[in-house]
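Student: I should like a close look at a single strand in this model, followed by the helices that can be described alongside it. Please give one connected account.

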Amino acid sequence: MGAQRHFRPVSECSSENRGNQTVAADLDGTLLVSRSAFPYYMLVALEVGSLLRAIILLASVPLLYFIYLFISGLLANKMFIYIAFAGLKIREIELVSRSVLPKFYAEDVHPESWRVFNSFGKRYIITANPRIMVEPFLKTYMGADKVLGTELEVTKSGRATGFVQKPGVLVGEKKKAAVLREFGVNLPDVGLGDRDTDRDFMSLCKEGYIVPKTKCEPLPRDKLLSPVIFHEGRLVQRPTPVAALLTFLWMPIGIILSIIRVYLNIPLPERIVRYTYKILGIKLIVKGTPPPPPKKGQSGVLFVCNHRTVLDPVLTAVALGRKISCVTYSISKFSELISPIKAVALSREREKDAANIKRLLEEGDLVICAEGTTCREPFLLRFSALFAELTDRIVPVAINTKQSVFYGTSARGYKFLDPYFVFMNPMPTYEITFLNQLPTELTCKGGKSPIEVANYIQRVLAGTLGFECTNLTRKDKYAILAGTDGRVPSKKEKEKEKEKENEKEKA
């Protein structure tokens, strides 16, 4: 009887006076525009697993889609889960679900379904996807009270077996059973779904609405409950089967191109590098008029910039056409070794760092990325005020980048690969804007406090770039993306961490 019930389109569902009511909604094709969860399985396979696992998952797509369409949707779902999750650490899956997936989910939200879902006081999701994969995004950005999803089977050592716990993958009758278990006699007021297998649970609800298969533009990301400021992962585009295939085909070409772009320019003077960039497909746009190099016996200018990638200081030097130094909070020994400009790592000991910055300014011009870490989105993190105490010759520099295939930043991955990933993009674009030097009255010499100077520069750069200022810090970023405080661990700390992990594995 439930299967014969007629459900109206979601556009006819009223969103008024729903504050005391409950909604139960499917995910893929209902709250999300995309009807396939493949891109999200691919992200887990690649970011938690390996490139090989991701390639195996992609190669399995024709077979799995054939099974889904002609044999059993349930079997296809089980196979997707097994290939993507088998053997992976649950802690790593949780981290990626919190740090990588939200950005892609946020770009895939169905506007009409969100209008309805967002109007309800109690919001539940019923999905065939593994709960661990979708829950962080749905609770944080969509305000879901509870997610009823497929539960993964986990070993004692904390790894996914690739199989699922009873009652299995939540499709069809199993979704209906999950709703009955959760709600008992107090069933949801509205059910939202998009396919025949959703009708079973929708028939339990007082009202039911179908999301049609018609194409539509995803909801703008700023309409969600909170913005996605931090995210991790190397891929820029959502890895649909076609996008993933093109990305993997480009990788060998991108690697060769990246190596040429990095090593060809290291020995060349900065004024020549600007021209070799054009030949190699690197687009560098320079705006504003930078100050001339310091005269003999004169201290250098401090260029204070926002932080987009590890290459910011190098590209600033190329834009200036001369050698400069830079200070950074974390840089790998290898990156420091091959850097075409002098790079000095800060120790986070205030007096020691202040002395280093002063010494470098006496030697010449210096670049500092005052956020202390990179941010991919149009937001600026809180600026460190240390630099403002050390000089009154300050030039703000606004930096923006465009990366079409790979992100050149990482909180969890190998940092020494960051510059290579930037240059693996077909045409990486950098836009550098030199603003006017701060007048004396806006520096500490003019009576301003270091915090006032730092906040002023942050606001000026945000206005130039069209970004938004935040009070978030490096610690906030690393707590979200990597579950750490952002410190680079010493060799001894790394060894201790490995020993702990090995003990857990044996337990």
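Tutor: In this predicted model, strand β2 spans residues 22-25. Thr-22 and Ala-24 project to one side of β2, whereas Val-23 and Ala-25 project to the other. All four of these side chains' residues, Thr-22, Val-23, Ala-24 and Ala-25, are buried.

The pairing of β2 involves two further strands. With strand β3 (residues 122-130), β2 pairs in the parallel sense over 4 bridges; within that pairing, Ala-24 has Tyr-124 as its bridge partner in β3. With strand β7 (residues 190-193), β2 is joined by 3 bridges, and these two strands also run parallel. Here Val-23 stands opposite Val-190 of β7.

Helix α9 covers residues 131-141. Its buried residues are Ile-132, Met-133, Val-134, Glu-135, Phe-137, Leu-138 and Tyr-141. Just after α9, Gly-143 adopts a positive phi of about 70 degrees.

A packed pair of helices completes the account. Two packed helices are described by the angle between their axes and the distance between the axes. For helix α2 (residues 38-49) and helix α5 (residues 73-85), the angle is about 25 degrees and the axes lie 8 Å apart. Because angles under 35 degrees count as roughly parallel, α2 is roughly parallel to α5. On the α2 side, the contact involves Phe-38, Tyr-41, Val-44 and Ala-45, which meet Phe-80, Ile-81, Ala-84 and Phe-85 of α5. The residues of this contact between α2 and α5 comprise 8 nonpolar, no polar and no charged.

Conventions
Residues numbered from 1 in each chain as written. Predicted model: local features only at pLDDT ≥ 70, side-chain atom pairs only at ≥ 80, totals over all residues. Heavy atoms only, no water. Axes fitted to C-alpha atoms, helices over the stretch in contact; angles between N-to-C directions. Parallel < 35°, antiparallel > 145°, perpendicular 65-115°, else oblique. Contact = heavy atoms within 4.5 Å. Nonpolar A, V, L, I, M, F, W, Y, C, P; charged D, E, K, R; others polar. Buried < 20%, exposed > 50% of the residue type's maximum accessible area, 1.4 Å probe, protein only. Pairing = 2+ DSSP bridges.
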